[in-house]
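Colleague: Please take one close look at the sheets of this model, together with the charged side chains around them, and go slowly enough for a first-year student to follow.

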Amino acid sequence: MTTNDLPGAGKRVALFATCVNDVMFPETPKAVVRLLERLGCEVDFPPAQTCCGQMFTNTGYFDEALPSIRTYLDAFEPYDYIVAPSGSCVGSIRDQHPMLAERSGDDELAARVARTSAKTYDLTELIVDVLGVTDVGAYFPHRVTYHPTCHSLRITKVGDRPYELLRNVKGIELVTLPDADRCCGFGGTFSVKNPDVSTAMTADKARHVADTDAEYVVMGDNSCLMNVQGMLSRQRSQVRGIHLAELLAHSEEDFAAAEPDVEGALS
């Protein structure tokens with residue numbers, strides 16, 4: 001297959017890394033670049049990008065969130081496709097940005113937000129819906145369970161796309177997570193404001209993960225993955241965490257030399 005025959009040929013995609021990945025999990029956006037370039041996309045990283053503003057909005061600081069929205073627009077508006085490895089941040093862009101722009105009373109801002117939020121995709125949406133691919137050539141010979149994070153399910157609505165991609169990974173043993181649609185207890189500021197409830201929810205999620213006897217738990221949001229992996233680590237569990245992008249980026253060639261260093265795992 002030539003480069004021009006690849007599903008992403010001719011598509012220029014802007015990567016929104018998200019702040020949590022930029023600060024704590026840089027291997028995830030790097031994995032997005034490797035994966036999309038393998039599929040033929042040209043990937044750009046607009047350096048002016050910052051936060052999507054979700055933390056301001058969730059805490060009720062609507063006016064303070066507007067500069068983040070304008071920065072997002074300035075960085076990403078020129079692109080036809082914008083991708084982020086976070087159902088939470090994509091959900092914020094598509095749900096909260098239009099609400100805040102309308103609330104501001106700025107019609108021009110609202111129009112810009114409508115155009116840009118409509119072309120912002122979760123990684124799985126871009127691969128399955130835009131590129132038309134469910135087999136990305138990944139290889140991961142391990143027993144894996146998948147937790148669909150709340151924002152991915154309920155706001156971004158990624159549906160079965162992550163499962164479609166995971167089922168086509170060569171060598172994988174994909175096992176069902178009990179009560180997969182239950183929250184892991186993170187919820188951003190929820191875990192800070194309601195620590196006891198959050199801890200109980202996270203303990204339930206960690207128990208369900210451990211019950212699968214999986215080697216890895218995979219998610220599409222590193223914040224939720226960090227929360228659950230932290231609980232598993234405190235319980236001395238051997239289950240490791242990995243972001244979906246990092247799993248999908250691994251090919252058979254990666255494993256030919258040595259087992260990959262899974263950056264999503266927390267010790």
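What follows goes through one sheet, then the other, with the charged side chains taken up along the way.

Modeller: This is a predicted model, in which local features need pLDDT of at least 70 and side-chain atom pairs count only at pLDDT 80 or more, while totals for chains, interfaces and linings use all residues. Residues are numbered from 1 along each chain as its sequence is written, and side-chain values use heavy atoms, with hydrogens and water left out.

Let us begin with the sheet whose 4 strands follow the order 2-1-3-4, an open sheet with parallel pairing. Strands (E, at least two residues) and helices (H or I, at least four) are DSSP runs numbered from the N terminus, and two strands pair if DSSP finds at least two bridges between them. Strand 2 and strand 4 each have a single partner strand, so they stand at the edges and one side of each is left without a neighbour in the sheet. On average, and ignoring direction, neighbouring strands of this sheet are turned by 35 degrees against each other; the axes behind that angle are lines fitted to C-alpha atoms, for helices over the stretch in contact, and angles run from 0 to 180 degrees between N-to-C directions. Strand 3 (residues 81-84) runs parallel to strand 4 and is joined to it by 3 bridges, and in this region alanine 84 stands opposite aspartate 122 of strand 4.

Side chains also link parts of this sheet, through a salt bridge (a side-chain nitrogen of Lys or Arg within 4 Å of a carboxyl oxygen of Asp or Glu). Aspartate 44 makes one with arginine 12, their closest N and O atoms being 2.6 Å apart. Aspartate 44 belongs to strand 2 (residues 42-44) and arginine 12 to strand 1 (residues 12-15), so the pair ties together parts that are 32 residues apart in sequence. Of these partners, aspartate 44 is buried, at a relative accessible area of 18%, whereas arginine 12 is partly exposed at 41%; here buried means under 20% relative accessible area, exposed over 50%, and partly exposed in between, with a 1.4 Å probe and protein chains only.

Just before strand 4 (120-122) comes a loop that follows helix 6 (107-118), and lysine 119 has its place there. Lysine 119 is buried yet has no salt bridge, since the nearest side chain of opposite charge, aspartate 80, is 5.1 Å away; Lys and Arg count as positive and Asp and Glu as negative, with His and the chain ends not counted. The side chain of lysine 119 does, however, reach the backbone oxygen of glutamate 77 at 2.8 Å. Glutamate 77 has a further role to note, as Asp74, Glu77, Arg112 and Arg115 are linked in a network of salt bridges.

Between helices, aspartate 63 and arginine 103 meet in a salt bridge at 2.9 Å, N to O. Since aspartate 63 lies in helix 4 (residues 62-76) and arginine 103 in helix 5 (residues 87-104), the pair ties together parts that are 40 residues apart in sequence. Aspartate 63 is partly exposed at 49% relative accessible area, and arginine 103 also counts as partly exposed, at 48%.

We can now turn to the other sheet, where 4 strands in the order 6-5-7-8 form an open sheet with parallel pairing. At its edges stand strand 6 (173-175) and strand 8 (240-243), each with a single partner strand, so one side of each is left without a neighbour in the sheet. Its neighbouring strands are turned by 35 degrees against each other on average, direction ignored. Strand 5 (residues 143-146) and strand 7 (residues 216-219) run parallel and are joined by 3 bridges, and threonine 145 has valine 217 in strand 7 as its bridge partner.

This sheet, too, has a salt bridge between strands, for arginine 143 meets glutamate 173 with the closest N and O atoms 2.5 Å apart. Arginine 143 lies in strand 5 and glutamate 173 in strand 6, so the pair ties together parts that are 30 residues apart in sequence. Arginine 143 counts as partly exposed at 23% relative accessibility, and glutamate 173 is partly exposed at 41%. By the rule given above, the count for the model comes to 13 salt bridges.

Methods
A polar contact is a pair of N or O atoms within 3.5 Å; within protein, one must be able to donate a hydrogen and the other to accept it, and residues adjacent in sequence count only if both atoms are side-chain atoms.
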